[in-house]
Amino acid sequence: MKRVAVVYNARSGALLARAEASPEDQLAELFAKRGVDVRLRPFEPGTLRIDVEGLLEAEPDALFVAGGDGTVRALAEQLAGGDVPLGILPLGTMNLLARDLGVPDDLEEAVDALLTAPVDRIDVATVNDSPFLHSSMLAMLPHLGRIRERVRGQRLGVFRLVDRAFRLIRRYPRMELSITVDGAEHLTRTRAVVISCNLLAAGPAPIPGRKRLDAGRLAVYVTRERNSWDLVEVVTKLFNGGWQQDERIRVYEGKTVEVRSTRLALMSVMSDGENAQLATPLRYEIRPRALAVLAPGAAA
């Protein structure tokens, strides 16, 4: 690989932590010392489409994104359906897709692995036409995500997170939802729903990975907890990989999913860590093999 483009999130904590050089200078050096020509653009949501079009005019071998899952998702939306592969430099908190693709956490090792990685194609899921690459969460889970963001970096942040999370769990009501998977309707009362782009596998925290990224399936996980402590245990199992034998988590699979609420015109949705208010019904679809990616794990 001789020529690449990079869109980087200058607010990434991993880049800012290296105070001796600017994020742009750090990334330029990473590629220059490997003999790779690089063009760089900071991540700006308002001009992203124009910025990506400008970078692709130079016909790079790949477009890299340096940032977290939200930045990766935004770049994937621009490249989906095309042939230029996306390379992920994991600089976020969770780095969900990067882990599934076998990208090393260390920045130097990630660059080395991606420059020699094979190109693969993976599925892209959508909710109301907005893409996501790993999972979309409903009911109480987006509110837990907001609490996590508010206390991040604060002194005693872990203790505040636990305190606020337990208060939310105690008061959050069960939602009455109609979940239709490939035309089959399922009525439920729940406080936690996860819809993933392909099936989650058993695995360690913080969130289990996936064995397949191109199976063309959506998976729906619905908790059926009896009380607040039940919910804590069930959600913990869902995210630490011990959920597969738990009868309190119901699993559905299909190519299309529709979620309806008789009470809500808008619903909080957290997709790949990004929160949004979306109009109901929520319509989920999957675009098989829509995104070309650099996949170091495929070479193992």
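In the predicted model, Glu108 forms a salt bridge with Lys33, and the closest N and O atoms of the pair are 2.9 Å apart. The contact joins distant parts of the chain: Glu108 belongs to helix H6, whereas Lys33 sits in the loop between helix H2 (23-32) and strand S2 (37-42), 75 residues apart. The pair is part of a network of salt bridges that links Lys33, Arg34, Glu108 and Asp112. Glu108 has a relative accessibility of 26% and therefore counts as partly exposed, the limit for a buried residue being under 20%.

Helix H6 spans residues 107-115, and its buried residues are Leu107, Ala110, Val111, Ala113, Leu114 and Leu115. The N-terminal end of H6 is capped by Asp106, with a side-chain oxygen 3.2 Å from the backbone nitrogen of Glu108. Glu108 thus appears in two contacts, through its backbone nitrogen with Asp106 and in the salt bridge with Lys33.

The count of salt bridges in the model comes to 12. Side chains of opposite charge can pair when their charged atoms come close. One of these pairs is formed by Glu53 and Arg49, with the closest N and O atoms 3.1 Å apart. Both residues lie in helix H3 (residues 48-56), at a separation of 4 residues, or about one turn of the helix. An α-helix has 3.6 residues a turn, so residues three or four places apart point the same way. Glu53 is partly exposed, with a relative accessible area of 42%, and Arg49 is also partly exposed, at 48%. In a further salt bridge, Asp214 pairs with Arg212, and the closest N and O atoms are 2.8 Å apart. Asp214 is partly exposed at a relative accessible area of 25%, and Arg212 counts as partly exposed at 48%.

An open sheet is formed by 6 strands in the order S12-S11-S10-S7-S14-S15, with antiparallel pairing. Strand S12 (249-254) and strand S15 (274-279) stand at the edges; each has a single partner strand, so one side of each is left without a neighbour in the sheet. On average, neighbouring strands of the sheet are turned by 25° against each other, direction ignored. Within this sheet, strand S7 (residues 135-139) pairs with strand S10 (residues 192-197) in the antiparallel sense over 5 bridges. In this pairing, Ser136 stands opposite Ile195 in S10.

Antiparallel pairing is also found between strand S5 (residues 119-127) and strand S16 (residues 282-294), where 8 bridges are present. Here Thr126 stands opposite Glu285 in S16. Strand S5 is further joined by 3 bridges to strand S6 (residues 130-132), and the two run antiparallel. Val127 has Ser130 in S6 as its bridge partner. The hairpin of S5 and S6 has 2 residues between the strands, and in this hairpin Asn128 takes a positive phi near 50°.

Strand S8 (residues 175-181) contains Ser178. This serine has a relative accessibility of 11% and so counts as buried, as the limit is under 20%. The side chain of Ser178 makes a polar contact with the side chain of Glu185, at 2.6 Å.

Strand S8 also takes part in lining the second largest pocket, and S8 and strand S14 (266-271) are the elements that give two or more residues to that lining. About 260 Å³ of space lies in this pocket. Of its 15 lining residues, Tyr172, Pro173, Arg174, Met175 and Leu264 are the closest to the centre. The element that gives the most to the lining is S14, with 3 residues. Strand S14 is also a member of the open sheet, where the order places S14 between S7 and S15.

A search of the whole structure for cavities of 30 Å³ or more finds 1. The largest cavity holds about 40 Å³ of space. Its lining consists of Asp69, Val72, Arg73, Leu96, Leu97, Leu133, His134 and Asp272. Helix H4 (69-79) and helix H5 (96-100) are the elements that give two or more residues to this lining. The most is given by H4, with 3 residues.

How values were computed. Residues are numbered from 1 along each chain as its sequence is written. This is a predicted model: local features need pLDDT of at least 70, side-chain atom pairs count only at pLDDT 80 or more; totals for chains, interfaces and linings use all residues. Side-chain values use heavy atoms; hydrogens and water are left out. Buried means under 20% relative accessible area, exposed over 50%, partly exposed in between (1.4 Å probe, protein chains only). A polar contact is a pair of N or O atoms within 3.5 Å; within protein, one must be able to donate a hydrogen and the other to accept it, and residues adjacent in sequence count only if both atoms are side-chain atoms. Two strands pair if DSSP finds at least two bridges between them. Axes are lines fitted to C-alpha atoms, for helices over the stretch in contact, and angles run from 0 to 180 degrees between N-to-C directions. A salt bridge is a side-chain nitrogen of Lys or Arg within 4 Å of a carboxyl oxygen of Asp or Glu. On a 1 Å grid over the protein atoms alone, a cavity is a set of points where a 1.4 Å probe fits but cannot get out, and a pocket is an open set with protein on both sides within 12 Å along at least five of seven lines; lining residues have an atom within 4 Å of a point. Grid points are joined across faces, edges and corners, and a volume is the space filled by probe spheres set on the points.
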